[in-house]
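This report goes through one protein structure for a reader who has not met it before. It starts with a single helix and then widens to the rest of the chain.

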Amino acid sequence: DDSGIDDTYDEADLDAFEAARLSRPLGSGDGGGGADGSADAEEPPEGASEPQMDGVYPNSHLLWEHGPRRSDRIRTMRLRRDLVRCGKAGEAEDAADSLPAVPESFRGAAAWSHYRQWRSTLGRLVGDGTFRPLTRRFGPLDDLLGVLLGKSPEAAKKGCGWSDLLLAELLYGNPLLSPGDVPARARAAMRLAGATNADADAGPMDGALRPIFLDVAGGNAGRAVEAVYALCGGSAGAALPAALTSLLHDLLRDAGRVEGPPSSPPGGKAVDLGTELALGAAEGILSSFAGEGLRFDGVRLAVRFLLPHAPPRRDANGAVVHEPRFASAVASAVDHFAPTLDVEVSEITSLCRPLVALGSVEVAEACERLAFRRACAHVSGGGPHGSAYWLLRGMEVVSSWLPVERRGGAGYRHPCRSHFDMLCGTVACNLIVETARMMGDGPAAAAAGEGGGEDDVGDAFRSALRDARGVLELITEEDGADDGGGGASPLSALLRGHPELNLLGDAVRLGAAAARGDAPVAASCVVSCLEARALDGGGGGGP
């Protein structure tokens with residue numbers, strides 16, 4: 001921000017300041033636009049396409065980017081934006097196309113050539129006294145110019161630490177230094193800083209980080225993971241540090257800086273460090289959110305953290321590689337969660353659905369048990385409608401989300417299916433009992449005769465009929481659903497022809513006929529109810 005600069009510097013200082021606005025082959029540009037970098041300048045950028053020094057253009061610093069051509073395109077877009085904002089839209093194309101093209105990828109020779117020209121011109125300006133008016137007013141400028149000219153060792157006398165010396169050398173002394181030579185230069189910077197007591201106030205932490213930095217610079221990237229793991233509390237680490245440690249390991253492994261195959265300790269089972277770190281981070285998340293009112297957030301975050309690791313993958317040979325411990329961890333987190341709201345169950349099961357669709361039976365069964373627990377909560381909190389809804393959702397997980405070849409595992413009794421049968425039978429029996437009680441009551445039966453209806457019967461009968469109809473309507477909605485592709489829903493096919501559902505439907509028709517006083521239809525429904533119980537193995541006896 002140059003606001004108020006005229007109040008401090010005279011005209012000669014401003015001339016020197018303008019001379020210092022050189023093209024920066026190793027840094028960013030001017031930031032574009034106004035003094036605050038907001039690119040809201042009222043005047044167009046001057047000299048955007050002219051060399052600001054001999055042979056060094058404003059986009060020369062892009063030669064040091066990994067992808068100079070892409071960075072140059074971004075710079076061109078910003079330049080056009082600034083010209084358009086200034087009302088110079090007609091000049092945008094000419095100004096953008098007049099700069100020399102940069103190579104597609106990094107080329108050390110081209111970058112080094114522009115850098116040497118930049119440093120040579122800077123040295124000439126320093127030598128002929130161009131900056132002298134500024135250095136008289138701002139003493140540290142001499143040291144800064146010395147760093148820019150590659151004289152960083154002199155800066156050690158000014159109290160710079162070893163990291164400052166190393167960074168100055170990498171940026172301005174020898175920017176083409178090979179990665180293999182960085183450890184040697186780092187040791188030299190540490191010796192120089194130690195000889196001048198520049199690191200006297202760094203504290204014990206800096207001394208602990210020095211060997212770690214040297215190991216990482218030497219190619220042992222796993223040392224960084226080990227250090228972060230130890231500094232963040234090890235196996236008892238909090239959620240955020242543990243997750244960052246796992247992320248760091250995954251990034252280094254994907255970049256090829258640490259070995260991917262698991263290590264085999266002597267006499268022990270093969271251990272994958274990435275798996276251990278990810279599972280430890282998930283445990284840390286669950287522990288950090290174990291307080292009252294935070295458990296849902298903990299389970300949701302832990303599941304989201306583990307999901308990218310849980311799906312099966314294929315190795316270079318095409319073989320399926322699956323780590324069952326991740327799926328087990330997801331299932332365990334879901335199993336130990338007691339939901340208090342319907343939306344919590346919906347979100348957790350939705351997160352797990354992609355994993356279930358890939359064939360994870362363990363996660364599917366955990367989601368079914370989660371829906372079953374929510375259904376049980378509705379039993380004590382209201383009518384059977386809410387309970388039936390969540391029982392159906394649990395049945396949907398194992399009968400619709402899972403691939404066909406993974407359904408119906410032996411040795412597992414699906415709680416939602418068995419309790420849904422029980423719920424339908426209980427609701428139907430309650431309605432039949434209330435219907436029989438109403439029909440056996442003389443005054444009530446008379447009231448339900450010709451001209452009567454459901455509003456003329458007792459509260460108990462109306463409540464039983466309402467509950468039965470609610471469950472039946474819920475099932476009818478499932479029967480009318482499709483699989484998203486226009487076909488019948490697998491859950492509707494499962495429900496069709498169900499003995500308990502047939503009994504429930506006959507009971508609803510019986511209750512409605514009895515309320516209307518339609519004796520023939522009621523008698524037919526009684527026969528159907530008895531047949532449904534006989535077909536279900538009830539021995540032909542009624543409820």
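Where in α17 is the kink centred, and about how many degrees is the kink? The model is a predicted one, and in it α17 has a kink of about 25°, centred on M395.

**Helix α17**

Helix α17 covers residues 384-401, which makes 18 residues. At 1.5 Å a residue the helix should span 26 Å, and its end C-alpha atoms are 25 Å apart, so the expected span and the model agree. Most of α17 is covered, with 14 of its 18 residues buried.

Two aromatic residues, Y389 and W390, form a pair. Their ring centres are 5.1 Å apart and their planes stand at 85°, which means the pair is edge-to-face, the label for planes over 60 degrees apart. The two residues are covered to unlike degrees: Y389 has 32% relative accessibility and therefore counts as partly exposed, whereas W390, at 4%, counts as buried because the limit for that class is under 20%. Y389 also has a charged residue over its ring: R393 lies over the face of Y389, at 4.8 Å from the ring centre. In an α-helix there are 3.6 residues a turn, so residues three or four places apart point the same way.

**Aromatic residues and cores**

Across the whole structure, a search finds seven aromatic pairs. One aromatic cluster is formed by W64, F106, W112, Y115 and W118.

Which residues have the most contacts inside the largest nonpolar core? They are V363, F420, L431 and L504, in a core of 72 residues. A second core, separate from that one, has 18 residues, including M53, W64, V102 and L145. W64 thus appears both in this second core and in the aromatic cluster.

**Three polar residues in helices**

The table lists three residues with the helix that holds each one and its relative accessible area.

| Residue | Helix | Relative accessible area | Class |
|---|---|---|---|
| D506 | α22 (residues 499-516) | 10% | buried |
| D335 | α14 (residues 324-335) | 25% | partly exposed |
| S163 | α7 (residues 162-173) | 39% | partly exposed |

Which residues does D506 contact, once neighbours within four places in sequence are left aside? D506 is in contact with C525, S528 and C529. With a relative accessible area of 10%, D506 falls under the 20% limit and so is buried.

D335, counted in the same way without residues up to four places away in sequence, touches A366, R369 and R373. For one of these, R369, the separation is also given: D335 and R369 are 34 residues apart in sequence and 7.1 Å apart in space, C-alpha to C-alpha. D335 is partly exposed because its 25% lies between the limits of 20% and 50%.

S163 and A193 are 30 residues apart along the chain, and their C-alpha atoms are separated by 9.0 Å. At 39% relative accessibility, S163 counts as partly exposed.

**The chain as a whole**

How many helices and strands does the protein chain have? Its secondary structure comes to 23 helices and two strands. Of the 543 residues in the protein chain, 38% are buried. Among contacts between residues at least 6 apart in sequence, 66% join residues at least 24 apart.

Conventions: Residues numbered from 1 in each chain as written. Predicted model: local features only at pLDDT ≥ 70, side-chain atom pairs only at ≥ 80, totals over all residues. Heavy atoms only, no water. Core = buried A, V, L, I, M, F, W, Y, C linked by side-chain atoms within 4.5 Å. Buried < 20%, exposed > 50% of the residue type's maximum accessible area, 1.4 Å probe, protein only. Helix = DSSP H or I, 4+ residues; strand = E, 2+ residues; numbered from the N terminus. Expected span 1.5 Å × (residues − 1). Bend = angle between axes of the 7 residues up to and from the residue. Phe/Tyr/Trp six-rings, centres within 6.5 Å; stacked < 30°, edge-to-face > 60°. Lys NZ or Arg CZ within 6 Å of the ring centre and 35° of its normal. Contact = heavy atoms within 4.5 Å.
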